[in-house]
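Okay, thanks for coming, everyone. Let me put the model up and then we'll walk through the sheet and the ligand site.

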Amino acid sequence: MAFFLLYLSLFLCSSTFFYLLFLRFTLQRRLSLPPGSFGLPIIGETLQLISAYKTENPEPFIDDRVNRYGNLFSTHIFGERTVFSADPEVNRFVLQNEGRLFESSYPTSISNLLGKHSLLLMKGNLHKRMHSLTMSFANSPIIRNDLLVDIDRLIRLNLDSWTNKVFLQDQAKKITFSLTVKQLMSYDPGEWTEQLRKEYLLVIDGFFGLPLPFFFTTYGRAIKARTKVAEALRLIVRERRKEFEENINNRKKDMLNALFLEEGGGISDEEIVDFLVALLVAGYETTSTIMTLAVKFLTETPLALAQLKKEQEGIRAKKNETESLEWSDYKSMPFTQCVINETLRVSNIISGVFRRATTDVNIKGFTIPKGWKVFASFRAVHLDQDYYKEARTFNPWRWQNENDISEAPSTASSQGNTYTPFGGGPRLCPGYELARVEISVFLHYLVTKYSWEPAEKDKLVFFPTTRTQKNYPINVHRRKLGHEL
Ligand code: HEM
């Protein structure tokens with residue numbers, strides 16, 4: 001019997017292997033797939049992908065295959081046939097054809113954490129409507145007239161509490177969390193928001209762990225924390241809906257209010273909760289990582305730090321010490337914008353986006369078959385020497401002639417065709433301007449209030465491709481404007 005089972009399993013394994021091999025060659029001939037390799041049956045090249053990202057090299061998996069096959073290659077990861085693109089034209093095509101030839105596609109493990117009504121998972125007209133609602137809550141006039149005052153106040157509040165040694169990534173996360181909660185539902189930081197944030201940290205960890213839903217795994221704990229976060233938000237939504245209905249003349253001007261107003265209250269509490277959870281996820285880790293890494297790069301590039309300080313001190317010198325920043329101040333920080341651009345170029349944690357082809361798509365002489373996944377890698381383009389000279393060096397001055405930051409990030413520079421840190425097309429990040437303003441205000445107060453040096457030998461890897469970098473401890477020293485204390 002044992003012999004028979006062994007024989008059967010050997011037979012099944014080898015026939016699956018030859019079937020996949022056959023499939024690969026016939027598909028490759030029939031459809032002219034981008035060249036590549038599908039690795040082992042079932043697991044494909046998933047292990048190579050995971051182990052590559054444990055190194056400090058920013059794009060090992062992609063670099064290696066681009067050298068062998070070119071900017072468009074096929075692979076098989078996480079159980080799916082996938083085309084990787086390191087080609088800016090293909091990336092743009094994929095982004096612009098969202099909803100026509102491609103649709104966004106996340107594994108179930110991720111959608112369970114986001115919630116099925118999150119903007120990232122919505123499709124069609126509903127997505128269009130909710131995307132533009134989100135945009136209308138983070139556009140320039142709203143930031144200028146409503147949000148900037150809170151951004152300024154909450155960042156200052158956080159920085160004023162610093163003494164001696166601070167863990168920069170932690171502080172940046174506290175800042176972005178409190179700003180998002182304020183913007184979404186008008187809550188100031190306090191015990192409640194801190195409790196919620198702690199649960200949130202567990203949810204975020206779930207995005208990076210193996211999706212095994214047991215109580216002792218990171219993913220299992222994330223699912224549990226997600227339920228708690230949803231419960232807490234549900235209570236707020238219920239309370240606020242009641243207030244909204246009773247208090248017609250004195251409503252708050254936040255995102256929650258806008259959601260209640262949508263089509264006469266047509267969005268259920270459950271949908272609103274999912275929507276809020278995903279918005280908190282989208283703006284939190286991304287913005288706080290860029291804040292932390294901008295400081296790290298500035299620390300390691302003293303000339304850039306000196307130039308940014310001069311710019312920010314110039315702005316502060318025209319104001320008294322406690323006066324808030326205004327929109328015109330934000331608009332007169334050209335070098336700070338170069339630093340933000342460059343930090344986003346070299347170390348955005350969103351290295352690219354996944355989509356699924358909804359039909360056979362012909363591009364650049366190849367076919368991406370219907371049902372296949374596509375990974376449009378922004379980072380591979382951002383770190384390509386063909387588009388950025390000495391692409392793997394932090395050099396904010398490269399943006400100096402491009403510093404007219406326009407309203408659309410894809411046109412933020414003449415390199416706009418290759419520079420897509422906020423994606424593009426119908427899913428363009430609705431928080432792109434908000435993130436820039438938050439990072440700019442943070443840098444303003446950091447350099448005008450403090451000087452600092454790293455507190456430990458650097459533990460943060462240069463490119464945050466792995467979760468090994470957790471924090472960036474610095475020793476801070478309070479300054480009087482223009483003087484080191
Ligand atoms: C440095 C900070 C940020 C970066 C690098 C970033 C990057 C991105 C990228 C690349 C996408 C496109 C995803 C896709 O096409 O599938 C995206 C989508 C999104 N971002 Fe951001 N983001 C940042 C900050 C924010 C902030 C502050 C918010 C809060 C309003 C936000 C909210 C969103 C939402 C809701 C989506 C989904 C849009 C959709 O699917 O229609 N992001 N972000």
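So, which residue in strand 5 stands opposite S104? That's R355. Quick housekeeping: residues are numbered from 1 along each chain as its sequence is written. And this is a predicted model, where local features need pLDDT of at least 70, side-chain atom pairs count only at pLDDT 80 or more, and totals for chains, interfaces and linings use all residues.

Back to that pair of strands. Strand 3 and strand 5 (residues 352–357) run antiparallel, joined by three bridges; strands pair here if DSSP finds at least two bridges between them. Helices (H or I, at least four residues) and strands (E, at least two) are DSSP runs, numbered from the N terminus.

Zooming out, five strands make an open sheet, order 1-2-8-5-3, with mixed pairing. At the edges, pairing on one side only, sit strand 1 (72–77) and strand 3 (102–104). From one strand to the next, the twist averages 35°.

Now the ligand. It's surrounded by 24 residues, counted if the C-beta atom, placed from the backbone, lies within 6 Å of it. The closest are A282, G283, G423, C429 and G431. Helix 6 (124–136), helix 12 (269–300) and helix 17 (432–449) are the elements giving two or more residues to that shell. Helix 12 has the largest share, with six residues.

By class, the shell has 14 nonpolar, nine polar and one charged residues. Nonpolar here covers Ala, Val, Leu, Ile, Met, Phe, Trp, Tyr, Cys and Pro; charged is Asp, Glu, Lys and Arg; the others, Gly among them, count as polar.

Methods
Axes fitted to C-alpha atoms, helices over the stretch in contact; angles between N-to-C directions.
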